[in-house]
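Trainee: Could we go through this model together, with the reason behind each term?
Mentor: Gladly, let's take a look.

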Amino acid sequence: MKDFLIFENLSKSYSNVAAVKNISLAINKGEIFSLLGPSGCGKTTLLRLCAGFETPDNGRIILDGADITALPPEKRKVNTVFQSYALFPHMTIRENIAFGPKVAGKSKKEVNYEVDKMLALIQLEYEADRKPAHISGGQKQRVAIARALINKPQVLLLDEPLAALDLKLRQRMLIELDQIHDEVGITFLFVTHDQTEAMSLSDRMAVMDKGSIEQVGTPVEIYESPVSSFTAAFIGDTNFLDGWVTKIIDKEYAKINIDGIGKIICFNDRKLKAGDPVHVSIRPEKINMSKTEPEEHRKVNILKGVVENMVYVGTSTKYWVRSGEWLFTTQKLHRRYLLDETPPKWDDDVWISWHADDCYMLEKYREADEQLLTIPDIEEPEDDEPNLDEDESSQENIITDEENKHEK
Amino acid sequence: MKKDLLKNIQEKLITFPSFTWLLIFFLIPTLLVVLISFRTSDPFGNIGVGFTLSAYSEITNMSFLRILIRTLRLSFLNTIICLLLGIPVAYAIARMEKKWQQNLMLLIIVPFWTNFLIRIFAWKTLLHPEGFIGQTLTFLRLIPPGTPLLYNEGAVLLVLVYSFLPFAILPLYAAAEKFDFQLLEAARDLGSSGIQSFITIFLPGISVGIISATMIVFIPTLGSYVIPDLVGGPTCEMLGNRIARRVFTDRDLPRGSALSTVLILAVMIPFLIQILVRKSKKSGKISAVEALDK
């Protein structure tokens with residue numbers, strides 16, 4: 001069913017500071033939808049509006065065809081998993097999970113039956129009589145989810161539920177969340193600032209910034225064709241170039257002049273004309289780097305550069321290559337690092353190249369977003385690889401390049 | 001083992017001064033009071049020789065029973081009213097911005113800057129038939145002119161609540177301030193109404209504060225003497241007034257001591273309850289540890 005949960009022109013401000021600005025959004029039944037953005041982007045406010053802890057200044061919230069904007073939290077068929085879990089400390093795990101059905105006035109037998117089922121789902125049957133203070137963070141997390149799910153909400157709201165867990169546990173909980181979702185089939189609205197979490201869990205996601213939605217789409221759509229420099233910079237790494245279109249070739253491609261580099265070729269997805277200013281973005285993993293000059297190709301951009309910095313992150317090495325006045329980020333995946341890879345080192349002369357189809361034009365461009373990217377940060381790039389490989393294989397021209405890169 | 005022993009000795013050395021202080025100025029005098037209650041007295045106010053239970057004969061007296069019941073009733077009502085007023089106040093203050101919390105707590109402490117006796121005398125003036133409250137209520141035709149507001153149980157209870165409320169608010173606020181208010185959101189999210197959440201989540205959450213407030217209000221009220229003396233008069237005697245009369249007017253120390261012993265026992269009741277509650281909680285914890293071992 002389409003448009004199960006609808007936000008209509010929602011606005012909310014706190015003492016004249018707008019937290020949510022005129023947001024409209026439709027979420028489908030049964031999907032995992034993520035709200036992703038940096039802290040202070042309004043994603044938590046949106047979730048609290050949905051839960052009923054806040055009342056919007058403007059707009060409506062519609063759930064399953066009914067307007068729930070004015071309903072208090074206890075009357076809404078939604079339940080929340082809080083970031084700090086908010087388990088009741090004076091109650092045992094069993095009592096915590098039983099809270100909802102008990103309040104709903106179910107019989108003792110029914111409550112016990114449902115709680116047992118939930119305890120089995122989260123695999124905490126043996127911890128049922130302990131207090132929350134005596135169980136681990138991951139277990140608390142599961143109790144919080146069970147306590148919400150037992151009420152069979154139409155939408156489960158998750159407010160950064162994994163933020164308090166360490167990396168390994170977070171990865172495991174992510175898989176468990178996905179399994180629970182498959183089992184119960186409830187719509188999940190998931191708030192996070194972690195792009196890895198959002199990308200690996202969501203069916204669709206909305207990238208938010210400064211109280212507005214920047215882009216809505218599937219993780220692949222958002223990663224592969226971000227509409228703004230903010231989305232491009234916030235989801236994964238990217239390289240920004242700006243210049244102007246000099247001429248259109250092959251109807252679909254644009255020759256672009258970049259100051260300090262010269263002409264590059266890029267797929268003209270914005271249908272620009274000669275003379276238009278343009279912002280171009282290239283994902284680091286789509287740039288091929290080699291110590292020998294690659295073969296010329298009409299639709300491959302080749303630049304000469306110098307390795308300015310590199311960071312080894314295990315699965316790959318991140319490189320910063322200077323070409324002209326631009327600094328390019330790229331990465332090299334390691335397959336046979338210790339045996340016969342001879343990766344480029346500092347100050348080595350290298351060639352970087354990418355296919356015209358792999359760079360894209362951005363609608364908006366903000367200096368602040370570029371600043372984000374100039375600080376070298378060690379992230380885990382491997383999470384994005386699966387999408388990447390799929391896309392790459394569909395583009396025939398690149399295959400040989402990619403193979404070369406991996407084999408080297 | 002040796003280290004533990006050393007630590008044990010160190011601990012004893014550290015607690016020695018305060019323990020000695022309590023022994024000399026608290027435990028021994030209390031035991032003396034209990035001891036004197038079993039002695040005889042002579043008409044000159046001296047303590048006589050020999051042991052007797054005659055000082056306790058007053059306990060069976062109907063007038064004493066009335067006073068004891070009145071004392072317990074007033075203490076109980078005072079505690080309940082202080083909690084009923086103090087809990088919402090503590091809740092409201094704890095939910096405010098930090099800046100306002102500090103200002104309001106200051107306002108609650110401000111009355112202590114004026115001497116206790118002066119504040120009680122102020123109430124005497126206010127409650128006097130010609131006083132502000134009496135005049136206002138008469139003007140509003142709520143009471144006929146000349147209705148006595150002073151010298152009855154109501155007046156005593158009013159001034160008791162006035163005096164003890166700040167002492168109740170302080171521990172309640174201290175507990176409420178530490179309370180995680182997101183728990184109330186969680187409760188409402190799970191379908192419980194505002195008032196329901198307040199009772200099932202907030203009250204257990206500040207139970208430590210409620211226990212402290214109960215002790216701080218109930219025990220001193222049992223022994224209160226000045227308030228019933230000034231605004232209660234002879235018709236509203238409490239246990240403290242009776243003890244004072246035996247000691248100062250009748251100059252009968254054993255009888256006064258006997259009443260004090262009864263009061264000490266009354267004071268110990270809530271303590272015993274607290275110890276029992278703690279013990280049951282502790283045994284609960286032990287069972288949790290046992291469950292862990294399984």
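Trainee: Which residue in S19(A) is the bridge partner of Ser290(A)?
Mentor: Trp351(A) is the bridge partner of Ser290(A). A word on the source: this is a predicted model, where local features need pLDDT of at least 70, side-chain atom pairs count only at pLDDT 80 or more, and totals for chains, interfaces and linings use all residues. Residues are numbered from 1 along each chain as its sequence is written, while chains are lettered from A and ligands numbered from 1 in the order in which they are written.

Trainee: What makes S15(A) and S19(A) a pair?
Mentor: Strands pair if DSSP finds at least two bridges between them; strands themselves are DSSP runs (E, at least two residues), and helices are runs of H or I with at least four, numbered from the N terminus. S15(A) and S19(A), residues 349-355, have three bridges in the antiparallel sense, so they meet the definition of a pair.

Trainee: Why are S15 and S18 of chain A said to stand at the edges?
Mentor: The open sheet of chain A has five strands in the order S15-S19-S16-S17-S18, with antiparallel pairing. S15 (288-290) and S18 (326-333) of chain A each have a single partner strand, so one side of each has no neighbour in the sheet.

Trainee: What makes the set with Cys50(A) and Ile97(A) a nonpolar core?
Mentor: A nonpolar core is a set of buried Ala, Val, Leu, Ile, Met, Phe, Trp, Tyr and Cys residues joined through C-beta atoms within 7 Å. Buried means that 20 or more other C-beta atoms lie within 10 Å of a residue's own (exposed is 12 or fewer, partly exposed in between), with C-beta atoms placed from the backbone. The largest such core has 100 residues, and Cys50(A) and Ile97(A) are among those with the most contacts inside it. Helix H4 (residues 137-149) of chain A gives the most to this core, six residues.

Trainee: Why is this core placed between two domains?
Mentor: Domain 1 (5-224) and domain 2 (229-407) of chain A both give residues to the core, so it lies between them. The domain bounds come from an automatic or database domain assignment.

Trainee: How do you know that the two domains touch?
Mentor: Residues are in contact if their C-beta atoms, placed from the backbone, lie within 7 Å. By that rule, 13 residues of domain 1 of chain A are in contact with nine residues of domain 2 of chain A.

Trainee: And how many residues does each chain give to the contact between chains A and B?
Mentor: Chain B gives 17 residues and chain A gives 21. H7(B) supplies the largest share of chain B's side, six residues.
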